[in-house]
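Reader: Hello! I would love a close look at one spot where two helices pack in this model. Could you walk me through it and then show me what else surrounds the topic?

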Amino acid sequence: MKIKKEKMDETIHATRTKMDHLALAYKEAPWRTQRKWVVLFLLGTISVGMVAGIYLNVTSRAALAGRKVQVLEAEIADAQRGNADLETKLAELLSTKTMLERAQAMGFVPTAPEDVDFMVIPGYFPPQSVEMASSNVSRHSPALDPRFSQSLFGWFDEKMQKAAAR
Amino acid sequence: MKQQYQWRSLLLSGLLGIISVAIIFQMVRIQTSPQAASLRDQGDMYQGEYQTIYPPRGEIYDRNGHLLAGNKTVYEVGVNLGELRNPQTIALALNVALGMDAAQVITLLTQAPASQSYAYLKDYVPADKIAELENLKDQFDAQDTGGENVPSLAGLTFKPHLARSYPENDLASNLLGFVSREDRGYYGVEEKYNDLLAGQPKLVWIPSDPNLAEQMPEVPGGSNLILTVDREIQATVENILDTTLAATGAENGTIIVMDPKTGEILAMTSSPRLDLNEFWKFNEIYPNGAEFNRAISTQYEPGSVFKVMTMATALDTGTVAPTTPFFDPGYYEIGGAYIHNWDGGAWGAQDMVGCLQHSLNVCLSWVADEVGTNNFYNYMQRFGLGRPTGIDLAGEASGRLKLPGDDDWYQVDLGTNSFGQGVAVTPIQMVMAASAVANDGKMVIPHVVKSIVTNDRQYNTPTQIAGTPISAQTARTLSEMLAQSLERGEGVAKVPGYRLVGKTGTAQIPGPGGYLEGVTNASFVGWGPIDNPQFLVYVWLEKPQTSEWASQVAAPVFQRIVERLVVLMGIPPDSIREVVAGQ
């Protein structure tokens, strides 16, 4: 009975020794652990750098676009004022007083009723009231490019739908 | 040893903890302090600004699309105080270019509070003056060596904006009105349609940070108006009025030309006129605001042109017919007073056409008496007298028609009213009333706006009938009577080839102690051609000097206007129209 127990202890000891050797054999080397941490740190740093880079890129592009919007708004206002100026200038050049002076300078005189000859032109109708509405022209401002407002999910969804439609 | 480190660690942690809490506490305290709010406000000032975007004021065109009121770029001149280098140079430049007081400019620039970043100097500066200043600024910039006392216009800024401009200057000024520096319309169309023309201003946040820049919200411009006025007719009428005033020595004058079928005003003018680009001279020219447009705002006793309404009433009620005889003894007693003719004479046997032709007060007083008080005043009210016509112009007066029952009405008023004395009307009221006779009994409301163009849509204003005070038959009969009386007369209101209708009116002018001696109001109302009236002309001359009689001063004006109207409106003579109608 005693002999049996000793044998069993020896077996257990042998097994433990084997396992210790095995664990030692598979234990990570210290330099390997350090490298793993360095890699993880670098990965984190690169990720943060990439996010920061993308953020900076988007921000700078947004700033440039914003600046462009401001410039375009100013140009639109300038153009509108320019149009108004030109229209008024044209009206000044064609005003009754100016036209009368020009006509008189060219030797024209007002027509007397007895000097007017009337002709009957079948099918002719004199022009009626002036039409100033340009209803066929849209005055709505162009829609903002979807790239400036679309979410990533929205973009993905659109691409998927387009792909499905093909 | 281990114990020693433990104590040190605890002490250090405690200290750092206390410092952290103190820092956080201080941060919260600073963030919530009143000074922080003030600093935040100051910071917000540089983040951008709220700007009220005023849409461009709507333009006004004549019926053929000629611009009568538009917009023009003007500039606000100011100084960015942060960039200011030499206040003396700026003061001198503004003194030379804009006539500003140099000392005042220097004071404004040097004594501005530290918190002020911009100094306003002048607004509504025209573009040519700004070009001069910009040129000067460029020259100084080119010569700038960066020294201390170098001449420099650095900081001087010009902010452009639109302001009202009238390319025709004083043309149709009485009718258009004007726009003040506060962008508010005064008088005429500008005031009546101010809300439509001005549009809806919007308060918009304009960020300085381009990251926050957004598309500006669309601010729809004011509506454009197309008037019924014809620029050529208006200019012609104004020219005739100016020459008439010079020739007759009349104190003032008013002329209205209207399409009697639609109520469209083709021309409307009164003296004096105002160059609308110099509206600040308003107070010099018009001591009384009601004189800006006498055609609608000044009421007067019209005199014998009123007989048209009296005769229309009598014909419509069947009281008289064109051939009804009347013996004129030279006076007519009514309400205990005697009515006399304009010449004080007795004209003997007449018919109704003769009464109109010779403009007999005695006859028309008898006619009104025969019509009856109630009938007479009912008809006068149906003709729209004593209340505004509703013309779409600001500042219309209502006139005064005394009615039986009023404290100041007496029976004699029936007699005097019949020939246009003792009743106050505006020229536009007379035009509207006369339109009933010219337009087969249908009285039209006069209007000056033909179309409103808004959001790319054009809305045309329809003809509005104010009522039918008389029948079509009465209107035609009376037109024929007036045409005959005009033809039988001396002919100063005749135009060869065209059969016209007209009536003169010479009225005494009431003063503080009764009627004034030797001065009159001379009027004329007429229309044509009789078979298809296309124009109705009203002329009013105040206190003409060459003659006190309308037949001598007002009737020729009607003739001159019609001579031009038939050409400008392309109205063929009666003979041609008859041929065309017969085809």
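Author: Happily! In this predicted model, B:Glu232, B:Ile233, B:Thr236, B:Val237, B:Ile240 and B:Thr244 of α9(B) meet B:Val557, B:Arg560, B:Ile561, B:Arg564, B:Leu565 and B:Leu568 of α20(B). Here two residues are in contact if their C-beta atoms, placed from the backbone, lie within 7 Å. By class, the residues of this contact are 7 nonpolar, 2 polar and 3 charged; Ala, Val, Leu, Ile, Met, Phe, Trp, Tyr, Cys and Pro count as nonpolar, Asp, Glu, Lys and Arg as charged, and the others, Gly among them, as polar.

Helix α9 of chain B covers residues 231-248 and helix α20 of chain B residues 555-568; their axes lie 10 Å apart, at an angle of about 160°. (Helices are DSSP runs of H or I with at least four residues, strands are runs of E with at least two, and both are numbered from the N terminus; axes are lines fitted to C-alpha atoms, for helices over the stretch in contact, with angles from 0 to 180 degrees between N-to-C directions.) That angle makes α9(B) roughly antiparallel to α20(B), a term for angles over 145 degrees. The crossing of α9(B) past α20(B) is right-handed, meaning that the near helix is turned clockwise from the far one by less than a right angle.

A second helix pair is in chain B too: α3 (residues 87-98) and α5 (residues 127-143) have axes that come within 10 Å and cross at roughly 145°. α3(B) also passes α5(B) in a right-handed crossing. On the α3(B) side are B:Thr89, B:Ala93, B:Ala97 and B:Leu98, and on the α5(B) side B:Lys129, B:Glu132, B:Leu133, B:Leu136 and B:Phe140. These divide into 6 nonpolar, 1 polar and 2 charged residues.

Now for the strands. Chain B has an open, antiparallel sheet of 5 strands, ordered β11-β10-β22-β21-β20, where pairing requires at least two DSSP bridges between two strands. Its edge strands, β11 (265-270) and β20 (501-511), each pair on one side only. β20(B) is joined to the antiparallel strand β21 (residues 514-528) by 10 bridges, and B:Gln508 stands opposite B:Thr520 in β21(B).

A note on reading all this: residues are numbered from 1 along each chain as its sequence is written, and chains are lettered from A and ligands numbered from 1 in the order in which they are written. Local features need pLDDT of at least 70 and side-chain atom pairs count only at pLDDT 80 or more, while totals for chains, interfaces and linings use all residues.

Technical notes. Parallel < 35°, antiparallel > 145°, perpendicular 65-115°, else oblique.
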